[in-house]
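Trainee: I am new to this structure. Please pick one part, take me through it closely, and then show me what lies around it.

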Amino acid sequence: LLLNRAMDEEYDVIVLGTGLSECILCGILAVEGKKVLHMDRNDYYGGESASLTPLSAVFEHFKQPVPGDMQRFGRGRDWNVDLIPKFLMADGKLVKTLIATGVTRYLEFKLIEGSFVFQGNKAKIHKVPANEKEALTSSLMGPLEKKRFTSFLQWVQEFDRKDPSKWRKFTPTTTMQDVYKEFKLEQNTIDFTGHAIALHTDESYRDQPFMDTVERAQLYYSSLVRYADQDKKHAPSPYLYCLYGLGELPQAFARLSAIYGGTYMLGVPFDGIQLTDGKFSGVKSGEHVAKAKMVIGEPGYFPDQVEKVGRVVRAICLLDHPIPNTDNAQSAQIIIPANQVNRKTDIYICCVSDTHNVAPKGHFIAVIGTTVETEDPETEIKSLLHLLGKLMIEPLICVKDLYKPKHDGTENKVFITRSYDATTHFQTTCEDIEDIYQRCTGEKLDLDKLSSKLVTEPQMS
């Protein structure tokens with residue numbers, strides 16, 4: 001009866017899939033007063049970005065036998081393993097969206113304890129300098145390079161796009177490569193600056209105008225001070241992570257949507273979409289058709305409207321110790337710039353533990369991920385497993401295709417999210433969310449405007 005009633009109504013938008021991108025867009029549109037139907041053929045939230053518990057479910061998901069000595073892993077229900085682990089920049093777009101939508105009332109976060117970068121010539125993990133003082137004592141650079149990088153860092157923090165007097169002698173068309181040359185930075189310094197601080201995923205940024213990279217670096221450092229303890233000038237890293245795993249994020253936005261009138265249907269058959277005169281008009285489920293003006297969904301619902309753009313490989317590793325050379329950090333991100341290991345794309349390692357309520361006490365989850373570059377993706381990952389120290393069990397490895405939409409959706413009103421890339425932060429995901437929002441509404445996402453539309457739960461009742 002509920003299915004018949006929901007499917008017989010007409011909506012402003014139907015959202016297919018309950019991954020993070022889809023749930024955020026669903027929540028935002030519901031707050032803005034849109035009538036939203038959110039459907040998922042799975043019977044659980046999260047889709048590709050789900051968290052799995054208990055530990056036995058993780059082995060079953062990867063089609064691996066459950067170990068006979070499970071007791072050495074602690075209580076199975078204490079594990080919450082993210083399929084696609086990512087951290088939040090403390091001053092980044094996703095955190096601002098969480099605050100603007102009021103979703104923070106449903107979630108708890110904790111800082112990640114360390115931000116590191118791998119340097120190939122020393123074959124070692126190093127802490128990313130958090131300020132000028134750390135730069136001067138960093139083992140990443142020699143004495144002269146420390147002074148050059150400190151000068152560069154001071155300029156970055158003072159830079160203001162609106163004030164040309166803070167641009168030094170650069171112009172809007174100056175490339176980032178020219179900026180590096182001006183400060184005489186060495187290649188190793190350029191690598192950790194561009195990839196572990198500005199969080200670029202490849203080298204193409206170096207030929208682009210410099211302002212974007214400088215503002216990315218400013219975001220890194222503003223995130224370091226956003227939630228720093230009062231007695232400290234900066235936090236141990238710019239990253240936050242959700243207690244109990246990232247599966248909490250989609251559920252929080254789903255709750256937001258429901259509060260504002262969104263309708264949710266999990267475990268519902270999906271039998272394709274309906275087009276009228278070339279434009280989306282409904283979603284078919286058995287004998288029913290739910291009608292709407294547009295649809296937003298993850299790539300798996302639209303196999304004929306997406307194209308493969310690559311593959312990502314991830315290895316989930318279970319540890320009973322912190323990652324070596326991270327100063328016993330209970331959580332960490334390590335970025336391995338492509339140039340440091342003779343690759344075209346970076347490799348990412350993230351580590352969380354019982355401090356974030358995702359593992360039993362004394363246990364850790366480390367995940368290595370990268371964009372596949374060869375015909376043997378497992379070897380690409382396994383070549384760096386030694387950085388993690390001894391594993392409790394063989395890594396759980398998966399290879400996923402990456403998809404992007406063939407069209408922007410403005411003509412047929414079918415708006416498709418991109419697959420989650422190999423990065424261990426949400427910056428690229430937020431860019432995709434903002435892009436889809438603008439395409440489907442015709443307006444840029446204004447978080448201040450969105451926040452003004454919020455009402456308290458007592459008001460709702």
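Mentor: What follows starts with the whole chain, then turns to one helix and its two partners, and ends with a few single residues.

This is a predicted model, in which local features need pLDDT of at least 70 and side-chain atom pairs count only at pLDDT 80 or more, while totals for chains, interfaces and linings use all residues. Residues are numbered from 1 along each chain as its sequence is written, and side-chain values use heavy atoms, with hydrogens and water left out.

Start with the whole. The protein chain has 14 helices and 19 strands. Both are DSSP runs numbered from the N terminus: helices are H or I with at least four residues, strands are E with at least two. The C-alpha trace spans about 70 × 60 × 50 Å along its principal axes. The radius of gyration is 23 Å, which agrees with the value near 23 Å for a compact globule of 461 residues. That radius is taken over C-alpha atoms, and the globule rule is 2.2 Å times the number of residues to the power 0.38.

Now the inside and the surface. Of the 461 residues, 55% are buried. Buried means under 20% relative accessible area, exposed means over 50%, and partly exposed lies in between, with a 1.4 Å probe and protein chains only. About 20,200 Å² of the protein chain is exposed, and carbon and sulfur atoms supply 48% of that area. The areas come from the Shrake-Rupley method with a 1.4 Å probe; for residues, only the protein chains shown count as cover. Among contacts with a separation of 6 or more, 71% join residues 24 or more positions apart. Contact here means heavy atoms within 4.5 Å.

Now the close look: helix α6, residues 143–158. Two packed helices are described by the angle between their axes and the distance between the axes. Axes are lines fitted to C-alpha atoms, for helices over the stretch in contact, and angles run from 0 to 180 degrees between N-to-C directions.

Take α7 as a partner. It covers residues 176–183. The axes of α6 and α7 come within 9 Å and cross at roughly 130 degrees. The two helices are therefore oblique to each other. The scale is this: under 35 degrees is roughly parallel, over 145 roughly antiparallel, 65 to 115 roughly perpendicular, and the rest oblique. From α6 come Arg148, Ser151, Phe152 and Trp155; from α7 come Met176, Val179, Tyr180 and Phe183. By class, this contact has six nonpolar, one polar and one charged residues. Ala, Val, Leu, Ile, Met, Phe, Trp, Tyr, Cys and Pro count as nonpolar; Asp, Glu, Lys and Arg count as charged; the others, Gly among them, count as polar.

Turn to α9, residues 211–226. Its axis lies 9 Å from that of α6, and the angle is about 90 degrees. α6 and α9 are therefore roughly perpendicular to each other. On the α6 side, Phe149, Leu153, Trp155, Val156 and Gln157 make the contact. On the α9 side, Val214, Ala217, Gln218 and Tyr221 do. By class, there are seven nonpolar, two polar and no charged residues.

Step into the loop between α8 (187–197) and α9, where Pro209 sits. Pro209 is partly exposed, because its relative accessibility is 41%. Beyond its neighbours within four places in sequence, Pro209 is in contact with Pro172, Thr174, Thr175 and Met176. Met176 also belongs to the α7 side of the contact with α6.

Now some backbone points. Most residues other than glycine have a negative phi, and most peptide bonds are trans. The bond from Thr53 to Pro54 is cis, with omega near -5 degrees. Pro54 is in the loop between β3 (51–52) and α3 (55–61). Asp327 is not a glycine, yet has a positive phi of about 60 degrees. It is in the loop between β14 (306–319) and β15 (332–336). Its relative accessibility is 74%, so Asp327 counts as exposed. Asn357 also has a positive phi of about 60 degrees without being a glycine. This residue is in the loop between β16 (347–353) and β17 (364–371). At 27% relative accessibility, Asn357 counts as partly exposed.

End with a buried residue. Thr429 lies in helix α12, residues 427–441. Its relative accessibility is 6%, so Thr429 counts as buried. Leaving out residues up to four places away in sequence, Thr429 touches Ser21, Lys86 and Tyr420.
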